[in-house]
Amino acid sequence: MTAFYDTHAHLDYPDFAPDIHQVIERAKTAGIVKIISIGTDLDSSRRAIGLAEKFPEVYAVVGWHPSEALRAPEDIRGELRQLAQHPKVVALGETGLDYHRLPSQKPECGASEDEKYKQKQATLFRQHLEVAAELKLNCVIHQRDSLEDTIAQLEPFADRVRGVFHCFANDAETMRRIVAMNSLVSFTGISTFKNGQNVRETIAATPLDRLMLETDSPYLAPVPYRGKRCEPAYVKEISELVAQVKQCSLEELSAATCETAGKFFKKL
Ligand SMILES: [Zn+2]
Ligand SMILES: [Zn+2]
């Protein structure tokens, strides 16, 4: 059987609490041999590390999600530094910028609230990049409706820190700009959706050694599980779709994506 990794899952979410053992068993049965659990705040990051200590297949990424920026402390570099020393912490994140839901969408909030929110996201993103550069680790990047600002913030670090733009759904031109910074893209179950044609076009254009696979579990379950809870085993469906689009064998895709992940997440 061909082996794949799930490079982005949120195994610490309550969705998985009742059956985490079975979720990991099903992943192994499907050939998903490594799973990276991504932190979304410091507690979530600690839980991800706890799972990595419990299950040999699980690794952790520690960070603070941009959508949760407003409730973050001013400076998380000390905690990030400390957590990232763990032998199974393979990157910093998820971090980045998300302008999809801005405070001004609520009637009681004005444009100045948006500015404060964006500033706080930018501060946190920079803190992740600084710690990553210090510790020679890379960053898992979340970007939504904030492409230019995200690229502008990563660029000064690009000689020291690589990013993976996770859940990538932008066009081929954007993918090329990211690859030119020595960064990567990773694809989720969106690639299997009927309306995911634009993502399939980007996959077709992406060099085989610049992409990784992920589920973003518990979200974005691929067809035929669309709308259900997503779990790491479903990398299988994503890998089949990506191999078909890339017109390569599952063996070639397995070898390429596992090698790419091994280089990017150095402690994997
Ligand atoms: Zn994300
Ligand atoms: Zn995520």
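Here are some short exercises, with worked solutions, on a predicted model of a protein chain with zinc ions.

## Exercise 1: The chain as a whole

Work out how many helices and strands the chain has, and how its radius of gyration fits the globule rule.

**Solution.**
- Step 1: Start with the secondary structure. You should find nine helices and eight strands.
- Step 2: Now take the radius of gyration, which is 17 Å for the chain. The globule rule gives 18 Å for 268 residues, and the two values are close, so the chain is as compact as a globular protein of that length.
- Step 3: Look at the extent of the C-alpha trace. Along the principal axes it spans about 50 × 40 × 40 Å.
- Step 4: Check the burial. Of the 268 residues, 59% count as buried.
- Step 5: Turn to the surface. The chain exposes about 11500 Å², and carbon and sulfur atoms supply 51% of that.
- Step 6: Finish with the contacts. Take those between residues at least 6 apart in sequence: 73% of them join residues at least 24 apart.

## Exercise 2: The zinc ion (ligand 2)

Find which residues coordinate the zinc ion (ligand 2), and decide why the arrangement of its donors is called irregular.

**Solution.**
- Step 1: List the donors. They are His 8 (NE2), His 10 (NE2), Glu 94 (OE) and Asp 216 (OD), at 2.1 to 2.6 Å from the zinc ion (ligand 2).
- Step 2: Place them along the chain. The spacing reads H-x1-H-x83-E-x121-D.
- Step 3: Compare with an ideal. Four tetrahedral donors have ideal angles of 109.5 degrees.
- Step 4: Go to the angles in the model. The four donor atoms subtend 85 to 179 degrees, which makes the arrangement irregular. To count as tetrahedral, all angles would have to lie between 85 and 135 degrees.

## Exercise 3: The zinc ion (ligand 1) and the shared residue

Find which residues coordinate the zinc ion (ligand 1), and which residue bridges it to the zinc ion (ligand 2).

**Solution.**
- Step 1: Pick out the donors. Glu 94 (OE), His 142 (ND1) and His 166 (NE2) coordinate the zinc ion (ligand 1), at 2.0 to 2.1 Å.
- Step 2: Write their spacing in sequence, which is E-x47-H-x23-H.
- Step 3: Spot the bridge. Glu 94 links the zinc ion (ligand 1) and the zinc ion (ligand 2), which lie 3.4 Å apart.
- Step 4: See what this ties together. Glu 94 lies in strand β4 and His 166 in the loop between β6 (163-165) and α6 (172-180), so the pair connects parts that are 72 residues apart in sequence.
- Step 5: Ask about burial. Glu 94 has a relative accessible area of 2% and is buried. His 166 counts as buried too, at 6% relative accessibility.

## Exercise 4: Aromatic pairs

Decide whether the pair Tyr 13 and Tyr 219 is stacked or edge-to-face, then do the same for Tyr 225 and Tyr 234.

**Solution.**
- Step 1: Know what to look for. A pair of aromatic rings is described by the distance of the centres and the angle of the planes.
- Step 2: Search the whole structure, and four aromatic pairs turn up.
- Step 3: Take Tyr 13 and Tyr 219. Their centres are 6.1 Å apart with 75 degrees between the planes, and the pair is edge-to-face. The cut-off for that label is over 60 degrees.
- Step 4: Locate these two. Tyr 13 is in the loop between β1 and α1 (20-29), and Tyr 219 is in the loop between β8 (211-213) and α8 (235-246), 206 residues apart.
- Step 5: Check their exposure. Tyr 13 counts as buried at 15% relative accessibility, while Tyr 219 counts as partly exposed at 42%.
- Step 6: Move to Tyr 225 and Tyr 234. With 3.8 Å centre to centre and 5 degrees between the planes, this pair is stacked. Tyr 225 is partly exposed at 25%, and Tyr 234 is buried at 13%.

## Exercise 5: The surroundings of Arg 162

Say where Arg 162 sits, whether it is buried or exposed, and which residues it contacts beyond its neighbours within four places in sequence.

**Solution.**
- Step 1: Find its place, in the loop between α5 (147-154) and β6.
- Step 2: Read its relative accessible area. At 17%, Arg 162 is buried, because buried means under 20%.
- Step 3: Leave aside the neighbours within four places in sequence. Arg 162 then contacts Asn 138, Cys 139, Asn 182, Ser 183, Leu 184, Arg 210 and Phe 264.
- Step 4: Look closer at Phe 264. Arg 162 and Phe 264 are 102 residues apart in sequence, yet 7.7 Å apart in space, C-alpha to C-alpha.

How values were computed. Residues are numbered from 1 along each chain as its sequence is written. Chains are lettered from A and ligands numbered from 1 in the order in which they are written. This is a predicted model: local features need pLDDT of at least 70, side-chain atom pairs count only at pLDDT 80 or more; totals for chains, interfaces and linings use all residues. Side-chain values use heavy atoms; hydrogens and water are left out. Donors are N, O and S atoms within 2.8 Å of the metal (3.2 Å for Na, K and Ca); water is not among the atoms, so sites may look incomplete. Four donors count as tetrahedral if all angles lie between 85 and 135 degrees; four count as square planar and six as octahedral if opposite donors are over 155 degrees apart and all others between 65 and 115; anything else is irregular. Helices (H or I, at least four residues) and strands (E, at least two) are DSSP runs, numbered from the N terminus. Buried means under 20% relative accessible area, exposed over 50%, partly exposed in between (1.4 Å probe, protein chains only). The radius of gyration is taken over C-alpha atoms; the globule rule is 2.2 Å times the number of residues to the power 0.38. Contact means heavy atoms within 4.5 Å. Accessible areas come from the Shrake-Rupley method with a 1.4 Å probe; for residues, only the protein chains shown count as cover. Rings of Phe, Tyr and Trp (its six-membered ring) pair if their centres lie within 6.5 Å; planes under 30 degrees apart count as stacked, over 60 as edge-to-face and the rest as tilted.
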